[in-house]
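Hi everyone, thanks for coming. I'd like to walk you through one protein today, going from the empty spaces inside it to the links that tie its chain together. Have the picture open while I talk.

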Amino acid sequence: MSSSRGGRRRSEDLVARAAEEMTAGPERPEAAADREPVRGAAPVPPVAGAARSGRLALLVPAGIVALVTLRIVFGDDLRTRIDENACAWTGCTGTGMAVVGWLVITLPVLWAVVAVVLWSRLSAPARGAAVLLGLAFLLVAWVHVPSRRSSLYLLLDSPAAGATATGIRWGGVGAGLAVVAVIVLTARAEARPRAARGPIGPTLVAAALLGTLAVAVARAEAAPVTVAEAMPERTLRAAGDTLRRTGGTDLRGCVGVLAGDVLDGCVRTVRVSYTTDDSDAVVHLAAVLYPSERTARDRRGRLPRGAAQLGTRGETITVNSTTGSWLLLSSVGHADGRGIAEADRGYLLWAAKQVAYRFIGRQVGLLAAPSAADGIGPRTP
């Protein structure tokens, strides 16, 4: 009994000592000083620019929706304005409009390459502006792409439509080659990373684009907007008459055609003179090109009645008309400048009609001789 009681006391003493050691630690000042208080985890601050990047990410789908909306609502008008301004800037020459057509398609690719190269250096507002400008270039290209139910020629309406179409086609080829080159180079770089050996990627892209530009310019049709293309023949034979060209000039603008500024807004002018052997008639044709058919018709409505071209000699008969974007001014009279009798009007206007028909035929690609009607015909039927 005594031994069991002694063992019980020793157990109680051990328990008491353990309790004292557990309660004594926090009461020591040095122990309290060493222990750090438990605190909650501090919130992680957002990454700088994360909010701006989120807004920029939302800008892309919003821009795409706006792109589709603008294409549906304003696509045709936008294409017309672009083509008219391009015609005015380039003089509607075949080479100039081929370059414009090529640029219309390749500008989105060129801008995408520039934006990717400079992206890391741009601020958030600059990145937003780059995206919006890229979408604008894409819209310009899109409005020049025909649908399945239309052709490229039906979209374009200018004397250099064929050259513009050639530039658009080869621009599409160049853009496709550039995209393929970038994809292949990117895939090879990821598969076999190695030290850079020079600007291979930009060189391939530039070669693809510049090569197709050279082909587009070489294959572009010469637009009939100069004497050499619109009236190449020095001798015209039609309906039994022979007309020989006595003069021809190309003008950028229309200064010196008529007095005053009634022809303002013109792009260029083709002036030719033809004379006939049998009817003693001299025809002066001034074909004035405007950026659009609407402008050409408007300028014709402003012309004063019977306004003769500057530089003609003697009495003349003046006839005005429009064909496409061209305003045609035909002045015809006798070679010696004498007065025009009523009996002379028919065969004088017949000579003017033949020259005008030849010019119109070059514009539409279909040469056709005029037919005598309304008292206008050859002097000797």
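Let's begin with a word we'll need: a cavity is a set of grid points where a 1.4 Å probe fits but cannot get out. Keep in mind, too, that what you're looking at is a predicted model.

So how many cavities of 30 Å³ or more are there? The count comes to one. Its volume is about 50 Å³. The residues around this largest cavity are Leu 236, Ala 238, Gln 354, Tyr 357, Arg 358, Ala 368, Ala 369 and Pro 370. Sorted by class, that lining has six nonpolar residues, one polar and one charged. Which elements supply at least two residues each? Those are β1, residues 235–238, and α11. The most comes from α11, which gives three residues to the lining.

Hold on to α11, since we'll meet it again. Let's move to a pocket, the second largest one. Its volume is about 460 Å³. There are 22 residues lining this pocket, and nearest its centre you'll find Ser 158, Pro 159, Pro 224, Gln 363 and Val 364. Two elements give two or more residues to the lining: α7, which runs over 161–191, and α11. By class, the second largest pocket is lined by 11 nonpolar, seven polar and four charged residues.

Now for the packed parts. In soluble globular proteins, nonpolar side chains tend to be buried together. Here, the largest nonpolar core has 46 residues, and Met 231, Trp 326, Val 332 and Phe 359 have the most contacts inside it. And here's α11 once more: this helix, residues 345–364, provides the largest share of that core, seven residues.

Let's zoom in on Val 332. What does it touch, if we leave aside neighbours within four places in sequence? Val 332 is in contact with Ala 281, Val 282, Val 283, Glu 315, Thr 316, Ile 317, Ile 340, Leu 348, Leu 349 and Ala 352. There's also a second, separate core of 14 residues, and among its members are Val 257, Val 262, Ala 286 and Tyr 290.

Last topic: disulfides. A disulfide is a covalent bond between the sulfur atoms of two cysteines. The count in this model is two. Number the bonded cysteines in sequence order and the pairing reads 1-2, 3-4.

One of them joins Cys 87 to Cys 92, with 2.0 Å from S to S. Is that link left-handed or right-handed? The torsion about its S-S bond is about -115°, so the disulfide is left-handed. Cys 87 and Cys 92 are both buried. Cys 92 has something else going on. Most residues other than glycine have a negative phi. Cys 92, though not a glycine, has a positive phi of about 60°. You can find Cys 92 in the loop between α3 (50–90) and α4 (94–118). Buried means under 20% relative accessible area, and Cys 92 counts as buried because its value is 0%.

The other disulfide runs from Cys 254 to Cys 266, at 2.1 Å from S to S. With -85° about the S-S bond, this link is left-handed. Both cysteines sit in the loop between β2 (241–252) and β3 (268–276), 12 residues apart. Cys 254 is buried, and Cys 266 is buried as well.

That's my tour, so over to you for questions.

Note on methods
Residues are numbered from 1 along each chain as its sequence is written. This is a predicted model: local features need pLDDT of at least 70, side-chain atom pairs count only at pLDDT 80 or more; totals for chains, interfaces and linings use all residues. Side-chain values use heavy atoms; hydrogens and water are left out. Helices (H or I, at least four residues) and strands (E, at least two) are DSSP runs, numbered from the N terminus. Buried means under 20% relative accessible area, exposed over 50%, partly exposed in between (1.4 Å probe, protein chains only). A nonpolar core is a set of buried Ala, Val, Leu, Ile, Met, Phe, Trp, Tyr and Cys residues joined through side-chain atoms within 4.5 Å. Contact means heavy atoms within 4.5 Å. On a 1 Å grid over the protein atoms alone, a cavity is a set of points where a 1.4 Å probe fits but cannot get out, and a pocket is an open set with protein on both sides within 12 Å along at least five of seven lines; lining residues have an atom within 4 Å of a point. Grid points are joined across faces, edges and corners, and a volume is the space filled by probe spheres set on the points. Ala, Val, Leu, Ile, Met, Phe, Trp, Tyr, Cys and Pro count as nonpolar, Asp, Glu, Lys and Arg as charged, and the others, Gly among them, as polar. A disulfide is a pair of cysteine sulfur atoms within 2.5 Å.
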